[in-house]
Amino acid sequence: MARKLKGGEVSDSLSKRISQRVEELKKNGIFPTLAIVRLGEKPEDMSYERGAMKRAVQLGITVRQFVFDEKTSQEELLSEIGKLNDDEHIHGVLIFRPLPDHIDDRAVCDALDPQKDVDGITSGSMAGVFMDRDDGFPPCTAEACLELLQHYGYALEGKRIAVIGRSLVIGRPVAMMAMERNATVTICHSRTGDEALADIVGSADIVIAAVGSAGMVSGSILGRDQVIVDVGINVDENGSLCGDVDFKTAEQKAAAITPVPGGVGSVTTAVLMKHVVTAAERSLR
């Protein structure tokens, strides 16, 4: 039976280190502050917001909410983002996306100062990920995957990693970050043929599934004794949360696997707070 890589343990360990850094910043008169920008009242956005605020309070990080009507114009939103960029007391900004259809998502993302982009949505942050520089920050979920593997003692150097999914939110950035740690990475996606997918996934040491399709990765294409990181958050036919990996068949073959829920997702807000604190520390330079 596979070892379960639970995110709560990782999040708690990360939070302890963050708390110490927050205390040091406060001694220097810096109070780490996150601005949350939300348009409308989508249940999923509000749920994540509540979780982020709870975590922030635990760590001594200030959160300021900027909630706008869903019909807010692009010009108004861009103006507000400009104000957040100029506010020296705000160190990180989280913008909930996707934005309403009448707003140009890319224009809004790139209006944000990369140094305050704590969830890796700007072109500047993405360039930093691909060029291994500290321009902005990587997407929180992508970094959470690597935090989890590191916490449980799975080194990436020399390992073969199969990433299933090529989004700019998880797939591509996590692949780049794994390569920076000297892993050999292959990205699979919706156009990867079934035979090639089985060959690549089956021969990997670590599999990171981030495709957004419930149970797409079955035990039949997995190898023996692999480490599986399931990033997917889906709802099955019974209304229950599940991942991209068929957990029942996968855990019979894997050496270790993240559960859904209770895996990568629970590490993401801790990584977000780490980014806010890092941004606050950079402001001292």
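Student: How close do the axes of helix α5 and helix α7 come, and at what angle do they cross?

Tutor: In this predicted model, the axes of α5 (residues 123–131) and α7 (residues 171–180) come within 8 Å and cross at roughly 35°.

Student: Which residues in α5 and α7 meet?

Tutor: M126, V129 and F130 in α5 meet R172, P173, M176, M177 and E180 in α7. By class, this contact of α5 with α7 has six nonpolar, no polar and two charged residues.

Student: What makes α2 oblique to α10?

Tutor: The axes of α2 (residues 43–59) and α10 (residues 265–282) come within 10 Å and cross at roughly 55°. Angles under 35 degrees count as roughly parallel, and 65 to 115 as roughly perpendicular. The crossing angle of roughly 55° is in neither range, so α2 is oblique to α10.

Student: What is the handedness of the crossing, and which residues meet there?

Tutor: α2 passes α10 in a right-handed crossing. From α2, Y48, A52, R55, A56 and L59 meet S266, T268, T269, L272 and M273 of α10. The contact of α2 with α10 divides into six nonpolar, three polar and one charged residues.

Student: Why does T72 count as buried?

Tutor: T72 has 10% relative accessibility, and buried means under 20%. The value is under the cut-off, so T72 counts as buried.

Student: Where does T72 lie, and what does its side chain reach?

Tutor: T72 lies in the loop between β3 (62–68) and α3 (74–86). Its side chain reaches the backbone oxygen of D69 at 2.7 Å. Leaving aside neighbours within four places in sequence, T72 is in contact with L39, L77, H102 and I103.

Definitions and conventions
Residues are numbered from 1 along each chain as its sequence is written. This is a predicted model: local features need pLDDT of at least 70, side-chain atom pairs count only at pLDDT 80 or more; totals for chains, interfaces and linings use all residues. Side-chain values use heavy atoms; hydrogens and water are left out. Axes are lines fitted to C-alpha atoms, for helices over the stretch in contact, and angles run from 0 to 180 degrees between N-to-C directions. Helices (H or I, at least four residues) and strands (E, at least two) are DSSP runs, numbered from the N terminus. Angles under 35 degrees count as roughly parallel, over 145 as roughly antiparallel, 65 to 115 as roughly perpendicular and the rest as oblique. A crossing is left-handed if the near helix is turned anticlockwise from the far one by less than a right angle, and right-handed if clockwise. Contact means heavy atoms within 4.5 Å. Ala, Val, Leu, Ile, Met, Phe, Trp, Tyr, Cys and Pro count as nonpolar, Asp, Glu, Lys and Arg as charged, and the others, Gly among them, as polar. Buried means under 20% relative accessible area, exposed over 50%, partly exposed in between (1.4 Å probe, protein chains only). A polar contact is a pair of N or O atoms within 3.5 Å; within protein, one must be able to donate a hydrogen and the other to accept it, and residues adjacent in sequence count only if both atoms are side-chain atoms.
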